[in-house]
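Trainee: I would like a close look at a single part of this structure, the place where two helices meet, together with what surrounds it.

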Amino acid sequence: MIRNHMYVLAVPDLERSAAFYREALGFTVHEMGDPGWRMFERDGCRIMAGACPDATPAAQLGDHSWFAYLVVDDADAWHARAGAAGAHIFKAPQDEPWGMREFGLRTVDGHRIMLGQELDGA
């Protein structure tokens, strides 16, 4: 039985990453008792970010830069917030044949996230 889930990301600059998740996606940022880590939390989603300034940047990982598909309540509202905060939107919101209205963004660190809302009747 899986009791919970969290994501773990390597990021080059924790403060820059924390600002992105707070401003673009509305996450709360928590200290973790280790200066090299932060926890980004919103609703049931938790992301542990670790400072890895010498790691290969996520933007250079191609298809390996994907890390999450978040199912949200209102894809258009999430898109508006992320766009207003300057997030790099690489896929505009659109209804997909698999029953989701979704859009894609790239974080300030280069990780890619899809955010989708279940369409009525899906």
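Are α1 and α2 parallel, perpendicular or oblique to each other, and why?

Mentor: Please keep in mind throughout that this is a predicted model. Two packed helices are described by the angle between their axes and by the distance between those axes. For helix α1 and helix α2, which spans residues 75-84, the axes come within 7 Å and cross at roughly 130°. An angle from 115 to 145 degrees falls outside the ranges for roughly perpendicular and roughly antiparallel, and α1 and α2 are therefore oblique to each other.

The contact itself is made by R22, E23, A24 and L25 on the α1 side, and by W78, R81 and A82 on the α2 side. Sorted by character, the residues of this contact comprise four nonpolar and three charged ones, with no polar residue among them.

Turning to α2 on its own, A75, W78 and A82 are buried in this helix, and because they cover an arc of only 65° around the axis, they lie on the same side of α2. Two of these names, W78 and A82, have already appeared in the contact with α1, but the surroundings of the buried residues extend beyond that helix: they pack against α1, β3, β6 (88-95), β7 (100-106) and β8 (112-118). After α2 comes G86, whose phi is positive, near 85°.

Helix α1, for its part, also belongs to a wider arrangement, which begins with an open sheet of four strands in the order β1-β4-β3-β2, with mixed pairing. Its edge strands, each pairing on one side only, are β1 (7-11) and β2 (28-31), and from one strand to the next the twist averages 25°. Within this sheet, β1 pairs with strand β4, residues 45-51, in the parallel sense over five bridges, and L9 stands opposite A49 in β4. On this sheet packs helix α1, residues 14-25, which touches β1, β2, β3 (37-42) and β4, and whose direction makes about 5° with that of β3. Strand β3 is thus touched by α1, and β3 is also among the elements against which the buried residues of α2 pack.

One residue beside β3 deserves a separate remark, namely D43, which is found in the loop between β3 and β4. The phi of D43 is near 50°, a positive value in a residue other than glycine, and D43 counts as exposed because its relative accessibility is 67%, in contrast to the buried A75, W78 and A82 of α2.

Technical notes: Residues numbered from 1 in each chain as written. Predicted model: local features only at pLDDT ≥ 70, side-chain atom pairs only at ≥ 80, totals over all residues. Heavy atoms only, no water. Pairing = 2+ DSSP bridges. Helix = DSSP H or I, 4+ residues; strand = E, 2+ residues; numbered from the N terminus. Axes fitted to C-alpha atoms, helices over the stretch in contact; angles between N-to-C directions. Contact = heavy atoms within 4.5 Å. Parallel < 35°, antiparallel > 145°, perpendicular 65-115°, else oblique. Nonpolar A, V, L, I, M, F, W, Y, C, P; charged D, E, K, R; others polar. Buried < 20%, exposed > 50% of the residue type's maximum accessible area, 1.4 Å probe, protein only. Arc of directions from axis to C-beta.
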